[in-house]
Amino acid sequence: MTRITFLGTGTSHGIPVIGCTCPVCRSSDPHDTRWRSSVLIERGGTAAVIDTGYEFRLQALRAGIMHLDGVLYTHQHSDHLMGLDDLRVFTEKEKLPVYGLESVLSAIERIFPYAFSEMQYKGVPRLRPAAVEERKPFRVGEIVFTAIPVLHGCMRIAGYRFGSAAYITDVSDMLFEENAGSLRGIRTLIIGALRDKPHWSHFTFDQAVEAGRRIGAEQLYFTHINHATMHSDIERRYAPYARPAYDTLTLEVEDE
Ligand SMILES: [Zn+2]
Ligand SMILES: [Zn+2]
Ligand SMILES: [Zn+2]
C-alpha cells in the first residue's frame, strides 16, 4: 500500500486569499483553508514529496515529516517551488535528489543556484538534480514513479503516477493520445481543478471529471482549488465519484 497525505490543496494564492472577504475566505469550515498544493507519498520506509510551495515548512511540521528520500517537482511556478530552502534540514548528511523534467530542473537551478552549486556556502540546501524522462519509470527508494507530461497553458509540465494512483495538478490538456499507455490502469486520480469558470491553464471541475472518466479512473480527488467554491458545495455536487481533497486528508492506495 502507498499512503498519500495532502499537505496543501489550494491554488497559487493560498486560501484564504490576503485581503479577501468572500464566503470561502471567511469560512469557519477548516476544509476551506487551502495551503499551496503538495502531497507526501509514503511506502514502507520511503517518503517523498511532490512540490514544495510557500507553506512547506508548516506543512512538514503539521504532517510530522522526519525524513525524505526525494522531492519531485511538477513545474517551477512559485506556488510549487518556493519552500525549497526548507529542504535543507533533510540534506545535512547527504545531498537530496530532486526529480523533474529537464526543463523544470534547469529552471529551478536558475532560481536557486546555490542549492546545486559545488562551491557551497554553509547552511544552504544541498540538492542533486535527477532529470527524469517522460513516461519512463524511475525509483525513489521503494516507490516507482512515472512522469506523465501534460500541458499547463503553454507549458509542458509533469504529473506523476505511482502504482494505481496519479497526481496531476496544474493541467489544461492531458495529452491523451501520447499518454495513453501511462494513463491506463489509473484507479485513483488526484487532479487539479480550479473552479467552475474556464481558465486558460487549469481544468474546471467538469473538465477534470471528464478527464477522469476518459481515463477510466474509479475515484477522483480535486486539488489546486481556488476560493470561488466552498468545500461543502463541491462535495455535494460531485461526490461520490469526485471529491474535493482537503489539507491533511490521507489516502491509502493499492500499488497496482
Ligand atoms: Zn499552481
Ligand atoms: Zn476569497
Ligand atoms: Zn502552475
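This is a short walk through a predicted model, stop by stop, with what to select and what is there.

Before you start: residues are numbered from 1 along each chain as its sequence is written, and chains are lettered from A and ligands numbered from 1 in the order in which they are written. Since this is a predicted model, local features need pLDDT of at least 70, side-chain atom pairs count only at pLDDT 80 or more, and totals for chains, interfaces and linings use all residues, while side-chain values use heavy atoms, with hydrogens and water left out.

**Stop one: the zinc site**

Select the zinc ion (ligand 3) and show H75, H77, H152 and D170. These give the protein donors, through NE2 of H75, ND1 of H77, NE2 of H152 and OD of D170, at 2.2 to 2.4 Å from the ion. (A donor is an N, O or S atom within 2.8 Å of the metal, or 3.2 Å for Na, K and Ca; water is not among the atoms, so sites may look incomplete.) In sequence, the donors are spaced H-x1-H-x74-H-x17-D.

Try the angles next. The four donor atoms subtend 89 to 175° around the zinc ion (ligand 3), which makes the arrangement irregular. For four donors, tetrahedral needs all angles between 85 and 135 degrees; four count as square planar and six as octahedral if opposite donors are over 155 degrees apart and all others between 65 and 115; anything else is irregular.

Now add the zinc ion (ligand 1): D170 bridges it and the zinc ion (ligand 3), and the two ions lie 3.4 Å apart.

Color by accessibility while you are here. H75 is buried at 0% relative accessibility, whereas H77 is partly exposed at 32%. (Buried is under 20% relative accessible area, exposed over 50%, partly exposed in between, with a 1.4 Å probe and protein chains only.)

**Stop two: helix α4**

Go to α4 (176-183). Helices (H or I, at least four residues) and strands (E, at least two) are DSSP runs, numbered from the N terminus. Select F176, N179, S182 and L183, which are buried in α4. Look down the axis of α4: its buried residues fall within an arc of 110°, so they line one face of the helix. The arc is taken from the directions from the helix axis to the C-beta atoms.

Flip to the face turned away from the buried side and you'll find the exposed E177 and G181. What do the buried residues of α4 pack against? Bring up β8 (143-152), β9 (155-162), β10 and α5 (205-215), with contact meaning heavy atoms within 4.5 Å.

Both ends of α4 have backbone worth a click. In the loop between β10 (165-168) and α4 sits L175, a non-glycine with a positive phi of about 50°; L175 is buried at 14% relative accessibility. Just after α4, G185 has a positive phi of about 90°.

**Stop three: more backbone**

Jump to H224, in the loop between β12 (219-223) and α6. Phi of H224 is positive too, near 55°, and H224 is buried, with a relative accessible area of 1%.

Then look for two cis peptide bonds. One joins I15 and P16, with omega about 5°, and P16 lies in the loop between β1 (2-8) and β2 (38-43). Another joins A239 and P240, with omega about 5°; P240 is in the loop between α6 (231-238) and β13 (242-244).

**Last stop: two cysteines**

Select C22 and C25. C22 is buried at 16% relative accessible area, and C25 is buried at 11%. How many disulfides does the structure hold? Zero, counting pairs of cysteine sulfur atoms within 2.5 Å.
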